[in-house]
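Me: Could you give me a close account of the paired strands in this structure, together with the charged and aromatic side chains that accompany them? I should like the answer as one connected text, with the reasoning shown wherever a residue is called buried or exposed.

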Amino acid sequence: YPAGSTITLTANANDGYQFTSWNDDNTDNPRTITVTEDATFIASFEVISSVPTFTITAISANPTQGIVTGGGTYPEGSIVTLTATANEGYQFTSWNDENTDNPRQIMVTGNAVYIASFEDTTPIQTFTISVFSANPNQGTVTGGGTYPEGSIVTLTATANNGFQFSSWSDNNTENPRQITVTEDAIYVASFIPATSIDESAV
């Protein structure tokens, strides 16, 4: 070319390859140069990466209790860190695959979903349910104890031979019966002699 000419150099990659740079580290392609002297320009190429990418979805089971970071699209084989951050009054418990590491690292091998669960850290109040038999010679009762508020408890009155359950101290006649624990409470089971059956009756 005549000195002072402006020319364009273009590097065309073959299938499976991509242009990287010229031998003077210039990465323009095509590039324009002004001819001032004899010169050599060598274009370098590289294999286009064939590594697939996958989506890692990381979410909170309940966004009001906490958030999760680390989700995104990553090349296969990447090491990704997932972090579950609990909001005030809550704490992280586990991921949906029962892993309890937090933060945790995973290797990307395919599309995957990770769900973080949290729990309320507010202390749970407990109450005492006391159950008695009005006459232990006539029957016994079970179900008493100390339970968290909101628990469903079954009370059972078992009559001894010759007796039958009559009612609880609150006049409830269900047996067994279920109660919801909301406060300390006392339940007393009463029994009466078993009703005799007239075998002569038809």
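Reply: The account below begins with the sheets and then turns to the salt bridges, the aromatic pairs and the surface. It should be read with the understanding that the model is predicted.

Consider the sheet that contains strands β6, β8 and β10. These three strands form an open sheet in the order β6-β8-β10, with antiparallel pairing. β6 (66-69) and β10 (104-107) stand at the edges. Each of the two has a single partner strand, so one side of each is left without a neighbour in the sheet. From one strand to the next the twist averages 25°. The contact between strand β8 (residues 79-86) and β10 is antiparallel and runs over four bridges. Within it, valine 80 stands opposite isoleucine 106 of β10.

A further open sheet of three strands is ordered β13-β15-β17, and its pairing is likewise antiparallel. Here the edge strands are β13 (139-142) and β17 (177-180), each of which pairs on one side only. Neighbouring strands of this sheet are turned against each other by 20° on average, direction ignored. β13 and strand β15 (residues 152-159) pair in the antiparallel sense, with four bridges between them. Threonine 142 stands opposite threonine 156 in β15.

The edge strands lead to the charged residues. Side chains of opposite charge can pair when their charged atoms come close. The structure holds three salt bridges. In one of them, arginine 104 meets aspartate 97, at 3.1 Å from N to O; the stretch 104-107 is edge strand β10. Arginine 104 counts as buried because its relative accessibility is 9%, and the cut-off for that class is under 20%. Aspartate 97 has 41%, so this residue counts as partly exposed.

Another salt bridge joins the side chains of arginine 177 and aspartate 170, at 3.0 Å from N to O; the stretch 177-180 is edge strand β17. Arginine 177 has a relative accessibility of 8% and therefore counts as buried. Aspartate 170 is partly exposed because its value is 39%.

Aspartate 24 and arginine 31 also meet through their side chains in a salt bridge, with 3.1 Å from N to O. Aspartate 24 is partly exposed at 40% relative accessibility, whereas arginine 31 is buried at 9%.

The aromatic side chains come next. Counted by ring centres that lie within 6.5 Å, there are six aromatic pairs. The rings of phenylalanine 92 and tryptophan 95 have their centres 5.5 Å apart and their planes at 55°, so the pair is tilted. Phenylalanine 92 counts as buried because its relative accessibility is 17%. Tryptophan 95 is buried too, with a relative accessible area of 2%. Phenylalanine 165 and phenylalanine 191 form an edge-to-face pair, with 6.2 Å between the centres and 80° between the planes. This pair links distant parts of the chain: phenylalanine 165 lies in strand β16 (residues 163-168) and phenylalanine 191 in strand β18 (residues 185-193), 26 residues apart. Phenylalanine 165 is buried at 16% relative accessibility, and phenylalanine 191 is buried at 7%.

Ring pairs also link Phe19, Trp22 and Phe45 into a cluster. Phe45 leads from this cluster to the surface, where Tyr17, Phe45 and Val47 make a nonpolar patch of about 300 Å². Valine 47 lies in strand β4 (residues 43-47). The residue counts as exposed because its relative accessible area is 57%, and the exposed class begins over 50%.

To draw the account together: arginine 104 and arginine 177 are both buried, while their partners aspartate 97 and aspartate 170 are partly exposed. Phenylalanine 165 is buried within its edge-to-face pair, whereas valine 47 is exposed and contributes to the nonpolar surface patch.

Key:
Residues numbered from 1 in each chain as written. Predicted model: local features only at pLDDT ≥ 70, side-chain atom pairs only at ≥ 80, totals over all residues. Heavy atoms only, no water. Patch = residues over 30% accessible without salt bridge, like charges linked within 9 Å, V, L, I, M, F, W, Y side chains within 5 Å. Areas by Shrake-Rupley, 256 points an atom, 1.4 Å probe, with all protein chains shown as cover. Salt bridge = Lys/Arg side-chain N within 4 Å of Asp/Glu carboxyl O. Buried < 20%, exposed > 50% of the residue type's maximum accessible area, 1.4 Å probe, protein only. Phe/Tyr/Trp six-rings, centres within 6.5 Å; stacked < 30°, edge-to-face > 60°. Pairing = 2+ DSSP bridges. Axes fitted to C-alpha atoms, helices over the stretch in contact; angles between N-to-C directions.
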